[in-house]
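Thanks for making the time this morning. I would like to walk through the sheets and the helices that pack on them, so please keep the structure open while I talk.

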Amino acid sequence: MKWHLKHKKHGNKPRDVQVEAMKRSKGRARYGYFLEQRLGKTPLTLNDFMSSDCDGLITVAPNSFKLDWALAPAEWGVPEVKTGVWPRNGVSNAEKFLYSINYEATRGEGGRYSTEILKQRRCMLVFDESTWIKNPSSDVAKAAIELSKDAHMVRELNGTPLTQSVMDYYPQLRVLGELNGVNPYAFRNTYAQLGGYMGKKVIGMQNEQRLYKLLDRCSFRALRKDWLPGHRDMTQIDVNLEMTKKQAAHYKEMMEDFYTVVDGLHVSAELVLTQMDKLRQISSCIIMDHGAHRWLEEPKNNPKVKAVADLHDSGPGKTIVVHFYKPSGITLLEAFKKLKPAQLRGGMTPEQMVAEKRRFNEDPDCRMLIGQITTS
């Protein structure tokens, strides 16, 4: 398969792992790229699109990742692909287009809009971070399966396709065209080992070789340790986020006029360094002035808080979140209290810090550590 992409940093040649992935997916309209982060799932999929007879690429992604898809064609040297992001910038009339929508939107109007495009144009449908559809009974998983029926091609992307239960595979296999006629209960009885109370809890896997044969037919699994010799087991992800309308308005005022008013609180920035700090505050949905602070948005609407939720949900383990402002830490603790987070902050005794770090490392119910940057 020809490599159509050219990147300023990564050049115009695919990595070995991408070459192998292209060989395995050749001729398959539906395929899963289960590649660990940094192995190049996005350019691999974009190249599949450019090599196909599809004229549209619809990506379904976590809300915090959908903007990255809209930026990908220009970044990878195919600016002729027109891009749009739900709910704006409809581009389905373009000769070649990419349209990105978040998973939550597929349950309603966004799903209906995507279905219209899929029925009218030859489209590749991509599910990014496909563990978002791991729950067979969720509305999002059901919407994903329905969308996939109208797609000309399907690609599924994930670094961690199995997070907690073998049942995570069921919806992900369904959108790849597998398991037709098999309901979740039949899949569970075939591949899940049951136990616990009343023998109904999934505690393991059975018929592993049969399942692995099925997965090998429709997906390619690659790990960094196998394809990036000498790699460090650390991943940096740059996430592009959109500000809310209220954030953007205040940010523009502060950038241009060094002055803004938030809920009656007059905020000025007379020095450049002060201005930079105010801009950083606004990007975190907060304004601080003389000991007082105001929130520009509630936590549920804060783009950074939503991004943390998306990143945590897309990973297999625990998450460390570092914040700059004290009120941000309080907000994070409240937003993620279900994860029983540990905390590192100023004013703690050494004994308290050791206890919190031990709880994060050893308590399986503690899924997040939230730390003030100077303390952490």
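Before I come to any helix lying across a strand, let me say that contact here means heavy atoms within 4.5 Å, and that angles run from 0 to 180 degrees between N-to-C directions, with axes fitted to C-alpha atoms. Please also bear in mind that this is a predicted model.

With that in place, I begin with helix α13, residues 326-335, which lies across β14, β15 and β16 and runs at about 150° to β14. Those three strands form an open sheet with parallel pairing, in the order β14-β16-β15. The edges are taken by β14 and by β15, residues 342-344, each of which pairs on one side only, and neighbouring strands in this sheet are turned by 15° against each other on average, direction ignored. Between β14 and β16, the latter spanning residues 368-372, the parallel pairing extends over five bridges, and one of the residues involved is Val321, whose bridge partner in β16 is Ile370.

Staying with β14, which covers residues 319-323, we find Thr319 in this strand. Is Thr319 buried or exposed? Its relative accessible area is 16%, and since buried means under 20%, Thr319 is buried. Leaving aside residues up to four places away in sequence, Thr319 touches His312, Phe360, Arg367, Met368 and Leu369.

Let me turn to the other sheet, where seven strands are arranged in the order β3-β4-β2-β5-β6-β1-β9, again open and with parallel pairing. At its edges stand β3, residues 82-85, and β9, residues 219-222, and each has a single partner strand, so one side of each is left without a neighbour in the sheet. From one strand to the next, the twist averages 15°. The parallel pair of β3 and β4, with β4 at residues 97-102, is joined by four bridges, and Lys82 has Phe97 as its bridge partner in β4.

Two helices on this sheet deserve a mention. Helix α3, residues 66-75, lies across β2, β3, β4, β5 and β6, and runs at about 170° to β4, while helix α5, residues 139-149, touches β1, β5 and β6, its direction making about 160° with that of β5.

Finally, a helix pair: α7, residues 184-191, packs with α8, residues 208-218, at an angle of about 125°, their axes being 9 Å apart, which makes α7 oblique to α8. Phe187, Thr190 and Tyr191 of α7 meet Arg210, Leu211 and Leu214 of α8, and these contact residues divide into four nonpolar, one polar and one charged.

Notes. Residues numbered from 1 in each chain as written. Predicted model: local features only at pLDDT ≥ 70, side-chain atom pairs only at ≥ 80, totals over all residues. Heavy atoms only, no water. Pairing = 2+ DSSP bridges. Buried < 20%, exposed > 50% of the residue type's maximum accessible area, 1.4 Å probe, protein only. Parallel < 35°, antiparallel > 145°, perpendicular 65-115°, else oblique. Nonpolar A, V, L, I, M, F, W, Y, C, P; charged D, E, K, R; others polar.
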